Amino acid sequence: MPRLLKLLTPQSTTIQAPKRIGIGHNNTMPHPNCPRRPSIALKHHHQANNALLYVEKSELASQIAYRGDRLKELKCAARSTNNLIRSHYADFIHDVGRNLYPLILFTDYEVDGPCGVGSTLTLYRADGSQTKVSPALQTNYELYKTCGHLLMGLGVELGPYLSNSTLCYAGCDDDMEDGKDEGSDLELISGLNQVIGRVKVAPWESSLNEYLKGVKMYHQALVSAVEVEAVAEDMAQFNLVSDEDEKKEDKHQSPHGLGLPTLEMQETMIAMMTSVIEFCEACLDNSLIDMAQWERLNRENFPRIKKCMQAAVKDQADACVRQLIEWREMMGPQEWRELYVIIPTVWAVDAENPRKTMMRQLMDEDRVDSHILLSEYPRNHGEARTLLGRVAGDRAIGRFVFGDDTKEQKIKTMGLSSEVDVVQDDALPAIWDALERNGCPVRQNRSSASCQHRLTVLSQDGSQRSSRSDRPSFCSHA
């Protein structure tokens, strides 16, 4: 061995490769330094990597050159620019929405608070304060509302089984008569008024039982509360309640005088729940839904439903209007004039609802159409404030970009400033032309025609208002 190699080699230890020990020798693993044959998987992996070395570069280039030729490059450039604008626009409306004060947000989906209590109102002010109140929470709104929903809730339970294929008509046994044409007799229901008898249903008892338990629980709670109050009144009549007990009772009463419903409403609610309970128990006992009885139940209870709904909205209106007037007096006329209101909705109440009606009566009349916003989009406070930024931001950008010198400019400005698509005025003739070119008759689209008429009217109104110094400003109020 050369001298230099000897000096570099440790002399104290000499490592010898151990003998390979396979599966047949105590199943021990070989030493890391032990030479091994490559596995079949490693061979395939190696072959695949080698195959990549022989792929034509032109093929590899075509796979990654997604910008392609000049036309593709042009489209990619346009797409990238549009994505950049959209990204900056998202930041823009987010920040604008948090720069507009004051704001009242109506919600029914509070995560850390009660839901379905006639709205929770949150007031945002420029000083950073947030005030959250559920005015109807201290009333009997929930009691009346729940009763008003009982029959609709029962309809949800029965609805899935109304077209069940096993029908039993009045005067017939449960089984169909021999030789009867089942297809003609079992045509699916074309309307509930064609159902004379009863519908035998599939497994449904579990869901209806759960509903029934809830109604019974509510019924028992109301009956118990009425009985306790009656005992308390009897004790008070015979002076069995001390003055100190009366003070304690007064101390625990709500500031709005929350108490049991009136005697008339108690009787109405108990009668409704009793009839629902009896119907459900009959359905479960007979394993049948009596359609005629169900319709009779709904018909007899409609006056009670109406009475409960009237009582509910009366409590809601009294509490919310009182709270809103209190805020209006606290803010003063100048700050109140700048108020925005956001009312998140669902489709079923999007056109008209009590919240919208209250605010239209309380806000400055010339701000009603511009500062009350209803939308199905917001699912939380953050999204609601971003929606406000979108509306206010679009109004301002539309005015600056499109202007209002000509009719066409006004229509574009109003389109971007309202619920109408900014391209709708140009889309209508394009759609009619496309339909005619493809042999489709053009229908008279009332919604589109009214939309075009609305934009035209709004643009004309805008020109008439343009000289007014008090027209709404959609710039920052912070």
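This is a short tour of side-chain contacts, a surface patch and some unusual backbone spots in a predicted model.

**Aromatic side chains and the nonpolar patch**

Let's start with the rings. How many aromatic pairs does the structure hold? The count is 1 aromatic pair, and the partners are tyrosine 89 and phenylalanine 92. Their ring centres are 6.5 Å apart and the planes make an angle of 35 degrees, a tilted arrangement. Both residues belong to helix H4 (residues 70-97), and because they are 3 residues apart there, about one helical turn separates them. Tyrosine 89 is partly exposed, with a relative accessible area of 27%, and phenylalanine 92, at 32%, is partly exposed too.

Phenylalanine 92 also turns up in a nonpolar patch on the surface, together with Ile397, Phe400 and Val401. Taken together, these residues show about 410 Å² of accessible area. Which helix gives the patch its largest share? That would be helix H13 (residues 381-402), with 3 residues. One of the patch members, isoleucine 397, sits in helix H13 and counts as partly exposed because its relative accessibility is 38%, between the 20% and 50% cut-offs.

There is one more ring contact to look at: arginine 385 places its charged end over the ring of tyrosine 124, 4.4 Å from the ring centre.

**Salt bridges**

Now for the charges. Side chains of opposite charge can pair when their charged atoms come close. In this model the count is 15 salt bridges, including the pairs in this table.

| Pair | Closest N to O | Citation |
|---|---|---|
| Arginine 67 and glutamate 73 | 2.7 Å | salt bridge |
| Arginine 379 and glutamate 383 | 2.5 Å | salt bridge |
| Lysine 412 and aspartate 425 | 3.0 Å | salt bridge |

The pair of lysine 412 and aspartate 425 links distant parts of the chain, with aspartate 425 in helix H15 (residues 424-437) and lysine 412 in helix H14 (residues 407-416), 13 residues apart.

Are aspartate 425 and lysine 412 buried or exposed? Aspartate 425 is buried, at 16% relative accessible area, and lysine 412 is buried as well, at 17%. In the bridge between arginine 379 and glutamate 383, arginine 379 is exposed at 61%, whereas glutamate 383 is buried at 15%. As for the bridge between arginine 67 and glutamate 73, arginine 67 is partly exposed at 29% and glutamate 73 is partly exposed at 34%.

Salt bridges also link up into a network, made of Arg337, Asp364 and Asp366.

**Backbone oddities**

A few spots along the backbone deserve a look. The peptide bond running from tyrosine 101 to proline 102 is cis, with omega near -5 degrees. Proline 102 is part of the loop between H4 and strand S1 (103-107).

Then there are serines with positive phi. Serine 119 is not a glycine, yet its phi is positive, about 90 degrees. Serine 119 lies in the loop between S1 and strand S2 (120-124). How accessible is serine 119, then, buried or exposed? Its relative accessible area is 0%, so serine 119 is buried.

Serine 287 has a positive phi near 55 degrees, and this residue is not a glycine either. Serine 287 falls in the loop between helix H9 (263-286) and strand S6 (288-290), and at 36% relative accessibility serine 287 is partly exposed.

Definitions and conventions: Residues numbered from 1 in each chain as written. Predicted model: local features only at pLDDT ≥ 70, side-chain atom pairs only at ≥ 80, totals over all residues. Heavy atoms only, no water. Patch = residues over 30% accessible without salt bridge, like charges linked within 9 Å, V, L, I, M, F, W, Y side chains within 5 Å. Areas by Shrake-Rupley, 256 points an atom, 1.4 Å probe, with all protein chains shown as cover. Salt bridge = Lys/Arg side-chain N within 4 Å of Asp/Glu carboxyl O. Helix = DSSP H or I, 4+ residues; strand = E, 2+ residues; numbered from the N terminus. Buried < 20%, exposed > 50% of the residue type's maximum accessible area, 1.4 Å probe, protein only. Phe/Tyr/Trp six-rings, centres within 6.5 Å; stacked < 30°, edge-to-face > 60°. Lys NZ or Arg CZ within 6 Å of the ring centre and 35° of its normal.
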